[in-house]
Amino acid sequence: MVKNLTQPVQAVQGSLRKSEKCISLLQSPLSNALSNPIDRDVCSEHLTISGSHVSMHLTLDGKEENNLVNDATRSNGKEGTHIESCCNEYVDRPLTDDHCKEPCDCHQSASCCDSLTNANVSSPPRDWLDMSSRANVPLADVDKVRCIIRNIIRDWTIEGQRERDQCYKPILKELDRLFPSRSKERPPSCLVPGAGLGRLALEISCLGFVSQGNEFSYYMMICSSFILNHTQAAGEWTTYPWIHSNCNSLSDIDQLRPVSFPDIHPASAGITEGFSMCGGDFVEVYNDESQKGTWDAVVTCFFLDTAHNIVEYIEIISNIIKDGGVWINMGPLLYHFADAYGPDDEMSVELSLEDVKKVAFHYGFELEVETTIETTYSANPRSMMQNRYFAPLWTMKKKQKP
């Protein structure tokens, strides 16, 4: 019997409404995102892998709500993964409830509910060139979906292997060097803030760590749940990631080429028991007394510059790492809120790399290893334009208290 900690019914319905809208963007013929029809329950908040034990701690309106239900249908008799979802208020805008709960063919009548209630009535296919028939999706949401598709390529395709080798492989080598003796009975713990679609966190788990990925974006969480929980085989799904990229294409074939994903079957990758994904703002979730001195290692990859206040990030990382624990960081300082000048915009603290390291030293870290990695980020390998980062990669160790 598998026990799942889930949200109350009303909260689940609200999450499903958000998820259905996001997934509809991935399914829509307008975006040409996924060529395979999605006929599974991809809107579930249960982040499980092959019948895992799921624990979801959901913060709703400042109160933590837990509700126990049994879900024997998800179990296949295997010891599963503990997936924790700490869901706070997400930065992504709320999505309206304009989809039916039952799966509908995107090419059917605009009134899905009518077609379900009267199966004998057939509707003519939509003319997708008719602007009046298109859903009114904000351009900001469309851009987020396109970003997610590019991250699918980075994290979960053969085409993204080169970027993963540039960014993830050095981190995995450092973890292997720093923790040579990893006991299956008491494996070391590793937190991955800004986990995105979860590939790095999964690779760390496969290395023998109790790994937890943390992600703030609802879009990322929906997609990572879909890949981790609803994939039955490698290469099961197909996307056309560059179909909207009209610039710097060498040929039409390059722009229209399909890419299959995922490149591996996540449930068969050899994860360590305890692998989990936690949804919520890094500061709100981990700036808590219960997290103090919890983690043997923290890995941040293309994460530090997502902060409003990078000093706060470093302080929290120092607090949650055990004495003698390690912090591995890789990524540039392209501060996400640097160009926000509106009256309602929050602050943005933008430090140089030199000053970032000084702050880390102030909070008890010692620099052990530092190098520079040349890499791209979610780039089209066949594009005539390639933006490259010369990103620092360091390993810092938290000092032992006397």
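Me: In this predicted model, what makes strand β7 and strand β8 count as joined, and how do they run?

Reply: Two strands pair if at least two bridges are found between them, and 5 bridges join β7 (residues 189-193) to β8 (residues 210-215), which run parallel, so they count as a pair. Within this stretch, valine 192 stands opposite glycine 213 in β8.

Me: Which strands are the edge strands of the open sheet with the order β11-β8-β7-β12-β13-β15-β14, and why are they called that?

Reply: The sheet has 7 strands with mixed pairing, and its edge strands are β11 (276-279) and β14 (365-375), because each pairs on one side only. Neighbouring strands of this sheet are turned by 20° against each other on average, direction ignored.

Me: What makes helix α4 a helix that packs on the sheet?

Reply: Contact means heavy atoms within 4.5 Å, and helix α4 (residues 161-178) touches β7, β12, β13, β14 and β15, while its direction makes about 155° with that of β14. Helix α9 (residues 310-320) also lies across β7, β12, β13, β14 and β15, running at about 140° to β13.

Me: Why is cysteine 301 called buried, and why is cysteine 206 called partly exposed?

Reply: Buried means under 20% relative accessible area, so cysteine 301, at 9%, counts as buried, whereas cysteine 206, at 27%, lies between the limits of 20% and 50% and therefore counts as partly exposed.

Me: How do you know that cysteine 301 has no bond to cysteine 167?

Reply: A disulfide needs two cysteine sulfur atoms within 2.5 Å, but the closest cysteine sulfur to that of cysteine 301, in cysteine 167, is 5.0 Å away, which means that it is too far for a bond. By this rule the model has 0 disulfides.

Terms used: Residues are numbered from 1 along each chain as its sequence is written. This is a predicted model: local features need pLDDT of at least 70, side-chain atom pairs count only at pLDDT 80 or more; totals for chains, interfaces and linings use all residues. Side-chain values use heavy atoms; hydrogens and water are left out. Buried means under 20% relative accessible area, exposed over 50%, partly exposed in between (1.4 Å probe, protein chains only). Helices (H or I, at least four residues) and strands (E, at least two) are DSSP runs, numbered from the N terminus. Axes are lines fitted to C-alpha atoms, for helices over the stretch in contact, and angles run from 0 to 180 degrees between N-to-C directions.
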